[in-house]
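Colleague: I would like a close look at one part of this model, the open sheet and what surrounds it. Please take it step by step.

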Amino acid sequence: MPTISPKHRVAVKQVLCTHCEQKCDVGHRAMSVVCPHCNKRLILEDFKITGYHAVREFVTCGDVVVEKSGHVVALCRVGSLAVKGKVQGDVTARGRVSVYKTGLLKGDVRSPALRVESGAKLAGFLRIGESPAGRE
Ligand SMILES: [Zn+2]
């Protein structure tokens, strides 16, 4: 008797394209993928920032952790963001943004969920609870 395995081993997750904000299915272990909608390359890697990181745009569909020693100066478009150090720049996150008590976040935040620990410093305009893909 042939059996059908109930679940595929290959996990697929869904990310929002950081360029066109369309949904893309990607393999769980993929590090980058080309968006089928706009044909641009998406970065899927998770980042842990422990030093000074200044770029014009910091874009990944993965999860970003800014450690206590980390200082990011960039416009951030990320999967999720955890701030234990400093972030200066507007943030758009597909997932949750967490600012810990040691964290400083200076910039506008657009995210479906925000968690702020007592003692955290936040300065900017917050738009929480909307999908980044949602219409303005
Ligand atoms: Zn795209």
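To set the scene, how many helices and how many strands does the secondary structure of the chain come to? After that, which strands form the open sheet, and in what order?

Modeller: This is a predicted model, and its secondary structure comes to 17 strands and zero helices. The chain has 136 residues, of which 26% are buried. Of the contacts between residues at least 6 apart in sequence, 9% join residues at least 24 apart.

Now the sheet. Five strands make up an open sheet, and their order across it is 5-7-9-12-15. The pairing is parallel. At the edges are strand 5, residues 47-49, and strand 15, residues 113-116. Each of these two edge strands pairs on one side only. On average, neighbouring strands in this sheet are turned by 10° against each other, with direction ignored. As a general point, the strands of a sheet pair through backbone hydrogen bonds, in either a parallel or an antiparallel way.

One pairing can be followed down to residues. Strand 9 covers residues 80-83 and strand 12 covers residues 96-99; the two run parallel and are joined by three bridges. Within this pairing, L81 has V97 of strand 12 opposite it.

Two loops that come before strand 5 in the numbering also deserve a look. One loop lies between strand 1 (12-16) and strand 2 (23-27), and E21 is found there. The other runs between strand 3 (32-34) and strand 4 (41-43), and holds N39.

The backbone at these two loop residues should be read against a general rule: most residues other than glycine have a negative phi. E21 is not a glycine, yet its phi is positive, at about 65°. N39 is not a glycine either, and its phi is positive too, at about 60°.

Their surroundings can be stated as counts. E21 has 17 C-beta neighbours inside 10 Å, so E21 counts as partly exposed. N39 has 9 C-beta neighbours inside 10 Å and therefore counts as exposed; the cut-off for exposed is 12 or fewer. In space, the C-alpha atom of N39 lies 9.5 Å from that of H19, while 20 residues separate N39 and H19 in sequence.

How values were computed. Residues are numbered from 1 along each chain as its sequence is written. This is a predicted model: local features need pLDDT of at least 70, side-chain atom pairs count only at pLDDT 80 or more; totals for chains, interfaces and linings use all residues. Two strands pair if DSSP finds at least two bridges between them. Helices (H or I, at least four residues) and strands (E, at least two) are DSSP runs, numbered from the N terminus. Axes are lines fitted to C-alpha atoms, for helices over the stretch in contact, and angles run from 0 to 180 degrees between N-to-C directions. A residue is buried if 20 or more other C-beta atoms lie within 10 Å of its own, exposed if 12 or fewer, and partly exposed in between; C-beta atoms are placed from the backbone. Two residues are in contact if their C-beta atoms, placed from the backbone, lie within 7 Å.
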